[in-house]
Amino acid sequence: PLPKITAGEVMNPRVLTVRENISVRELAAFLTENEITGAPVVNSVGKMVGVVSVTDIADSIAEGAEVTMGRRKNPWRKDELRGRASPDELRSMHVDNPGPPVQQIMTPTVFTVPAKTPVSKIAQTMISGRIHRLFVTRLGRIVGIVTALDLLKLLVKMK
């Protein structure tokens, strides 16, 4: 069994957000520049209204959208963005047209957990919700993020 480690102990307190009105091209640049696969979406007053990820970009394959990945220029293909592209290709991703605003492709459901939530519960929530990130709250405010990678790092440390 996992030790009684909590969300507050494994979370990353640096939560990068995107505005709901930026384009898919701007989102792709933001994610690759920060080497992350997703981010919470905030509205004009800073309220979290959803979550957006590389998977959402792949799912938004819009009319005629193309992406340049590395040296290849192909029509935007879901399978390349859904884990088959190498990390170097994702870093070099460039969307050739702006695409729709993030608010049209984001997932409006945001999963949050209190900072005192045990990591075993976080893992169960990620599995049952088929999600890769949870936002950690303390007194109703977002104070961090826990990703699937954070949980894997914890397992390696326990070894």
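User: What does Asn 34 count as at 26% relative accessibility?

Analyst: This is a predicted model, in which local features need pLDDT of at least 70, side-chain atom pairs count only at pLDDT 80 or more, and totals for chains, interfaces and linings use all residues. Residues are numbered from 1 along each chain as its sequence is written, and side-chain values use heavy atoms, leaving out hydrogens and water. Buried means under 20% relative accessible area and exposed means over 50%, with partly exposed in between (1.4 Å probe, protein chains only). At 26%, Asn 34 therefore counts as partly exposed.

User: Which residues does Asn 34 touch, not counting those up to four places away in sequence?

Analyst: Asn 34 sits in the loop between α2 and β2; helices (H or I, at least four residues) and strands (E, at least two) are DSSP runs numbered from the N terminus. Its C-alpha atom is 8.7 Å from that of Leu 16, 18 residues apart along the chain. With contact meaning heavy atoms within 4.5 Å, the residues touched by Asn 34 are Arg 14 and Leu 16.

User: In what order do the three strands form the open sheet?

Analyst: Two strands pair if DSSP finds at least two bridges between them. Two bridges join β1 to β2, which run parallel, while five bridges join β2 to β3, which run antiparallel. The pairing is thus mixed, and the order is β1-β2-β3.

User: Why is one side of β1 and of β3 left without a neighbour in the sheet?

Analyst: Look at the places of β1 (18–19) and β3 (48–53) in the sheet. Each has one side without a neighbour because it stands at an edge, with a single partner strand.

User: What angle does the direction of α2 make with that of β2?

Analyst: Helix α2 (residues 24–33) packs on the sheet, where it touches β1, β2 and β3. Axes are lines fitted to C-alpha atoms, for helices over the stretch in contact, and angles run from 0 to 180 degrees between N-to-C directions. For α2 and β2, the angle is about 130 degrees.

User: Within what arc do the buried residues of α2 fall, seen down its axis?

Analyst: The buried residues in α2 are Val 24, Leu 27, Ala 28, Leu 31 and Thr 32. The arc is that of the directions from the helix axis to the C-beta atoms. These residues line one face of the helix, because they fall within an arc of 125 degrees.
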